[in-house]
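Look over the structure below before you read on. Keep it beside you and find each part as it is named.

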Amino acid sequence: MHNVTFKMGGIHPDDKKISSRCKIEVLPLPEKVYVSMAQHLGAPANPVVAVGDEVKVGQVIAEPAGFISAYVHSPVSGVVKTIGPMPDLAGNMVNHIEIEVKGDVWRDDIDRSTTLVTRIPDDTAFILDRIKQCGVVGLGGATFPTHVKLAPPPGKKADCLIINGAECEPYLTSDNRIMIERSSEIIIGAAIMSKVLGSCPTVIAIEENKREAIMIMSSALSSLKRMTDVCNDIRIQVLQKKYPQGGEKQLIDAVMDRQVKSGGLPIDAGAVVQNVATALAVYEAVQKNRPLITNVLTVTGDCLTVQHNYLFRIGTPLSFIAEYAGGVPAAAAKIVSGGPMMGKAVANLDATTVKGSSSILYLMEEQTKRRPETACIRCGRCAQACPMGLEPFYLFRLAKVDDYAALEENAVQDCIECGCCLYSCPAGVPLLDLIRPAKGNVLRIIKSRK
Amino acid sequence: MQKLLVSPSPHIHTELSTRKLMLDVIIALLPVTVLSVIFYGWHELMVIAVSVASCVLLEWAITKFLLKKPSTIGDLSAVVTGLLLALNLSSLTPWWVVLIGAVVAIGVAKMSFGGLGQNVFNPAIVARVFLLISFPVYMTTWAVVDPGNIGSAWLLGADAITGPTALTLMKEVHNVDSSVILQAGSAGEIYDWALILGFAYLVLRKVIKPWITLSIWATVLVFYTILYFAAPGEYLAPGIALFTGGILLGSIFMATDYVTSPMTTKGGIIFGVGIGLITVIIRNWGAYPEGVSFAILIMNAFVPLINKLCKSKKFGRA
């Protein structure tokens, strides 16, 4: 089968997967963890522990505060020291629970063995509840609560479950590593989600630059198919290398050749997209009763001597991880949490890791410094690169004069903020810098009309 | 910890810059430039030197003294304009006519509109048309080159003999002595293969998309084929028509100017077909023997309309 991709726009930055061969190392426990109450999309969770409480690994420390919210579990064992606001990655003050680490005592009902459990529970309501109770959220970036996404609204049916192993952002390799090291668990996790969605066909989509992952996932899938019949409807689809392939709408277009309508949800096109790391978390939750308290993160950069992929306890301070990986390189001019295209630059490493943390990326000045803005030469490269078919040069001009009516008419609200426009501009025009807030304003205007 | 940059995403950017794009255009123009200097001698070299130098100096002076802004000559677009203007002129053009051309190109057509990116019309074309109307004699007097004696232009000077182009002959006497074809014309007009080499370079380097250029060629060929068979002997053969005059230079290097051409492929094709049609009409029924420059100028004016008409298709919208 030929390698597919999305049809509109996209760019081909150097993928820089320099940490792709670094095995996942288990990060030691820090002295303290800071667990954010807002590490999922939706309402921040409500703490259910008090200062001075002793907690075990995997114990619930916060409950969902609404329909779109999620449980939070203690990633360590120890004593709750403080509960209060602390700046998150973006500098917003968010409630955190500070826990002093003592030993490593786990809740006894968590199965910590490495035995592969292939039998999937029959009761889908039970599965969904397990996923919810274990605090599983989407680990591809948006951290949308998984149990909500796996329960489509009445009247809507999933024709296809896409497991997103595209990992199209340069530098990031955590998904690649778990596909290599936890392939069978990911496939079972996919089978569980497929079952919840009414046993819809499932496609595990992987970009062609991850050859080892494709090989290992394929052979794991064939041997699982020999062992059990739960994976019969799963196949692996190799994708061409193109950014932003991992975007939901782009991935659905690549795999199913369907376009999600503007303003619509993937389920409207009959698709549900879940990340490979989410599939692993679902496996752990349903088969092992293990809540989402760990994730894998890449520490990488051309100025870093040794690259790493770490299995970390959620809530571990970024500074602890950076220190353990050898300290911040002297040549680093920018530290990004996430990929270089959509990640967030941080001013310091005071913030803590959350469920969705995917990397600490060090960029050197010459790699990241923007060139001075010069006149737009109307070359059209931004429009060619836009995966949503927008005209960034025009949106930029409209955003400059706050023409929200024209911005809406020209579909600024469809922008996925992938950064392809700003990346491709030869004149250094800060397209997305102005389009992003304009989109926010237009979305608020649209919302206020309802 | 050292002070970290915290600008918003994306954190990496293309290596491409306006300067690099313009440099590629200059590289694509090198074969034809070198050939014309070899064949037309030091006259041609002078025209090129005066044109490029005055375009760059003018832009520098206008940004520094009139606009009081940082200089923009580093983007090399003034060099491209200067080179294109020179290749549009006869090697016999006096230096002061070249200078006037540069003033029109940079001063009027480019900087008074707001500089690179803001101009509606291609600066080199505006200058060429201005000179054609103001100094018709200089603009239609071509040096005749003896292809068998490359050194003659350098040793003897080529300005001793001047002659008309195939297009002028066709216009005036409806008969073309084939020995004239491909010998006389402005420097940029007579080295077809050097121009096509430049075109291939630009397309391979992805500096331009080929659609505008190809749609001009296709339109000219189709139109001339119809004329050729409708009234044999009255019109140039399609192949000769395409390779004569300024069609190659105009379609490859001036119609494809980003600033003054449509954004989308579909728009580019409409633009190209328009240029092709107007060129053939002017050539055969207009007042001038050559019409490419006028055609490009006219279609330049339509670009905002074409851009409105050919909006890109958006994802997830009918």
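Is A:Ser199 buried, partly exposed or exposed? A:Ser199 is partly exposed, because 15 other C-beta atoms lie within 10 Å. A residue needs 20 or more such atoms to count as buried, and 12 or fewer to count as exposed. Keep in mind that this is a predicted model.

Stay with A:Ser199 for a moment. This residue sits in the loop between helix 4 (183–196) and strand 10 of chain A. Its phi is positive, about 50°, although it is not a glycine. Most residues other than glycine have a negative phi. A:Glu417 makes a good second stop. Its phi is positive too, at about 55°, and it is not a glycine either. Look for A:Glu417 in the loop between helix 12 (404–409) and helix 13 of chain A. A:Glu417 is partly exposed, because it has 19 other C-beta atoms within 10 Å.

Now turn to a buried loop residue. A:Thr352 belongs to the loop between strand 16 and strand 17 (359–364) of chain A. A:Thr352 counts as buried because it has 28 C-beta neighbours inside 10 Å. What does A:Thr352 touch, beyond residues up to four places away in sequence? The list is A:Tyr34, A:Ser36, A:His96, A:Gly315, A:Thr316, A:Pro317 and A:Leu318. A:Met86 is 266 residues away from A:Thr352 along the chain, yet their C-alpha atoms are 9.6 Å apart.

Next, go to helix 6 of chain A, residues 248–256. This helix is mostly covered, with 9 of its 9 residues buried. Among them are the charged-group names A:Glu248, A:Lys249 and A:Asp253, and also A:Leu251, A:Ile252 and A:Val255. Which strands do the buried residues of helix 6 of chain A pack against? They pack against strand 9 (160–165), strand 10 (202–207), strand 11 (234–239) and strand 12 (271–275) of chain A. Look at both ends of the helix. Before it, in the loop between strand 11 and helix 6 of chain A, is A:Pro244. A cis peptide bond joins A:Tyr243 and A:Pro244, with omega about 0°. Most peptide bonds are trans. After the helix comes A:Asp257, whose phi is positive, near 55°.

Move on to the nonpolar cores. The largest has 151 residues. Those with the most contacts inside it are A:Ile162, A:Ala190, A:Ile192, A:Ala205, A:Ile206, A:Val282 and A:Ile321. Helix 7 of chain A, residues 276–288, gives the largest share of this core, 9 residues. Another core, of 76 residues, lies apart from it. B:Leu87, B:Ala124, B:Met139 and B:Ile270 are among its residues. Go back to A:Val282 and follow its contacts. Leaving aside neighbours within four places in sequence, A:Val282 is in contact with A:Ile131, A:Val136, A:Thr146, A:Gly189, A:Ile192 and A:Met193.

Chain B comes next. How many helices and strands does chain B have? It has 14 helices and 2 strands. Of its 318 residues, 51% count as buried. Take the contacts in chain B with a separation of 6 or more: residues 24 or more positions apart account for 72% of them. Chain B also has a cis peptide bond, between B:Ser9 and B:Pro10, with omega about 0°. B:Pro10 is in the segment before helix 1 (18–40) of chain B.

Two helices of chain B deserve a look as a pair. Helix 13 (residues 265–285) and helix 14 (residues 292–309) of chain B pack with their axes 8 Å apart, at an angle of about 150°. That angle makes helix 13 of chain B roughly antiparallel to helix 14 of chain B. Their crossing is right-handed. Helix 13 of chain B brings residues including B:Gly267, B:Ile270 and B:Phe271 to the contact, and helix 14 of chain B brings residues including B:Phe294, B:Met299 and B:Phe302. The residues of this contact divide into 14 nonpolar, 4 polar and no charged.

Last, see where the chains meet. The contact takes 50 residues from chain A and 29 residues from chain B. On the side of chain A, strand 15 gives the largest share, 4 residues. By class, that side has 28 nonpolar, 12 polar and 10 charged residues.

Methods:
Residues are numbered from 1 along each chain as its sequence is written. Chains are lettered from A and ligands numbered from 1 in the order in which they are written. This is a predicted model: local features need pLDDT of at least 70, side-chain atom pairs count only at pLDDT 80 or more; totals for chains, interfaces and linings use all residues. Two residues are in contact if their C-beta atoms, placed from the backbone, lie within 7 Å. A nonpolar core is a set of buried Ala, Val, Leu, Ile, Met, Phe, Trp, Tyr and Cys residues joined through C-beta atoms within 7 Å. Axes are lines fitted to C-alpha atoms, for helices over the stretch in contact, and angles run from 0 to 180 degrees between N-to-C directions. Angles under 35 degrees count as roughly parallel, over 145 as roughly antiparallel, 65 to 115 as roughly perpendicular and the rest as oblique. A crossing is left-handed if the near helix is turned anticlockwise from the far one by less than a right angle, and right-handed if clockwise.
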